[in-house]
Amino acid sequence: MPFARLASATTPTCHIGLGLAAVGRPGYINLGRDRDLPQDRSVDALRARTHELLDAAYAQGVRYIDAARSYGRSEEFLADWLTARPDIDDIVVGSKWGYTYTADWSIDAERHEVKDHALATYERQRAETDALLGARLDLYQIHSVTPDSPALTDKELHAKLAEAAAEGLTIGFSTSGPAQADAIRAALAVTVDGEPLFRTVQSTYNALETSAGPALAEAHDAGLTVIVKEGMANGRLAEPYAPDALKAVAAETSLGCDAVALALVLRRPWAGVVLSGAATVPQLASNLHAAVVDLDEDQLARLETLVEEPNAYWERRGELPWH
């Protein structure tokens with residue numbers, strides 16, 4: 001399994017990954033994008049920003065990179081970066097299928113992505129990913145599985161995914177929505193020829209949304225690598241948007257709200273990789289300080305008061321504008 005490479009790494013930041021959702025396309029829902037990205041959001045400008053982030057991440061010990069078919073040109077940008085650096089062979093590359101990017105590089109598109117977990121979509125997007133990343137792809141995940149997703153019951157799709165696994169590709173899934181725990185447990189029950197299909201799970205977990213925690217612990221105990229996304233709650237846990245309790249703890253640590261928020265997730269014994277969604281090199285550097293944050297029991301207790309009810313959290317997330 002490719003994540004064994006991380007187990008042998010010794011840098012403090014090796015279990016922090018870089019997600020490319022915020023820089024692979026001109027529009028996204030993260031707060032603060034108006035100041036984080038250049039006014040020029042051309043393909044070339046965001047390719048340059050992505051490569052700048054990848055260079056900084058690798059230099060600072062990051063060894064997992066996360067892309068998706070729906071993250072605009074994230075796979076293309078990552079493939080270009082890998083091609084230009086053939087000596088880099090110690091990173092783990094993950095991508096996702098199941099959403100199609102439909103914004104055509106526009107921030108004002110009516111729809112930015114369309115979800116479809118059908119077998120035909122997998123076969124089309126697998127070919128597209130393979131054309132860009134080829135043998136560099138380690139992990140392919142079903143994007144945003146929910147309890148009602150046909151990907152949980154489609155036996156023909158399971159058989160195709162098992163074929164890919166037999167050829168050396170690790171198969172995983174990501175989750176979203178207030179019923180993440182149900183989706184995780186349903187996916188853990190999926191088998192092909194008596195063997196579990198999925199080897200990784202990527203879920204939203206942060207100081208505001210902790211409902212998937214018990215199910216993620218079960219997944220870890222079942223042998224899956226757990227990847228945590230949206231540890232910053234799409235910017236809600238970063239300055240200047242962070243709640244007062246987080247700002248107070250951050251001031252006590254002399255580090256940023258972002259580092260404290262990510263450190264809270266890194267503390268979970270089941271968290272294998274925690275993603276940074278940084279859009280700038282300074283943001284990335286601040287995020288990576290999470291590896292050295294030490295929180296005491298009083299600070300942890302104060303941060304626990306930030307937890308929101310899952311339906312309320314996801315309703316607010318759904319209201320975040322693309323910008």
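**Exercise 1. In which loop does Pro-240 lie?**

Solution. Pro-240 lies in the loop between E11 and H9, where strands (E, at least two residues) and helices (H or I, at least four) are DSSP runs numbered from the N terminus. The model is a predicted one, in which local features need pLDDT of at least 70 and side-chain atom pairs count only at pLDDT 80 or more, while totals for chains, interfaces and linings use all residues. Residues are numbered from 1 along each chain as its sequence is written, and side-chain values use heavy atoms, with hydrogens and water left out. The next step is the peptide bond: Glu-239 and Pro-240 are joined by a cis bond, with omega about 0 degrees.

**Exercise 2. Examine the backbone at Glu-230 and Ser-254, and decide whether each residue is buried or exposed.**

Solution. Begin with the background, which is that most residues other than glycine have a negative phi, and most peptide bonds are trans. Glu-230, in the loop between E11 and H9, has a positive phi near 55 degrees. Ser-254, in the loop between H9 and H10, is likewise not a glycine and has a positive phi of about 65 degrees. For accessibility, buried means under 20% relative accessible area, exposed over 50%, and partly exposed in between, with a 1.4 Å probe and protein chains only. Glu-230 is therefore buried at 14%, whereas Ser-254, at 66%, is exposed.

**Exercise 3. Work out how strand E1 is paired and which way its residues point.**

Solution. Two strands pair if DSSP finds at least two bridges between them. E1 (residues 16-19) runs parallel to E12 (residues 273-276), to which three bridges join it, and Gly-17 has Leu-275 as its bridge partner there. E1 also pairs with E2 (residues 64-66) in the parallel sense, over two bridges, with Gly-19 standing opposite Asp-66. From E1, Ile-16 and Leu-18 point one way, Gly-17 and Gly-19 the other, and all are buried.

**Exercise 4. Describe the surroundings of helix H10 and of Glu-75.**

Solution. In H10 (residues 257-266), nine of the 10 residues are buried, among them Cys-257, Val-260 and Leu-264. What covers these buried residues includes E11, H9, E12, helix H11 (281-288) and helix H12 (297-304). Glu-75 belongs to helix H4 (residues 74-84) and, because its relative accessibility is 1%, counts as buried. Leaving aside residues up to four places away in sequence, Glu-75 touches Ala-67, Ala-68, Arg-69, Ser-95, Thr-129, Leu-132 and Leu-133, a contact being heavy atoms within 4.5 Å.

**Exercise 5. How many aromatic pairs are there, and how is the pair of Phe-3 and Tyr-64 classified?**

Solution. Rings of Phe, Tyr and Trp (its six-membered ring) pair if their centres lie within 6.5 Å, and planes under 30 degrees apart count as stacked, over 60 as edge-to-face and the rest as tilted. By this rule the count is nine. For Phe-3 and Tyr-64 the ring centres are 5.4 Å apart and the planes stand at 40 degrees, so the pair is tilted. This pair links distant parts of the chain, 61 residues apart, with Phe-3 in the segment before helix H1 (4-7) and Tyr-64 in E2. Both residues are buried. Elsewhere, ring pairs link Trp-97, Tyr-122 and Tyr-140 into a cluster.
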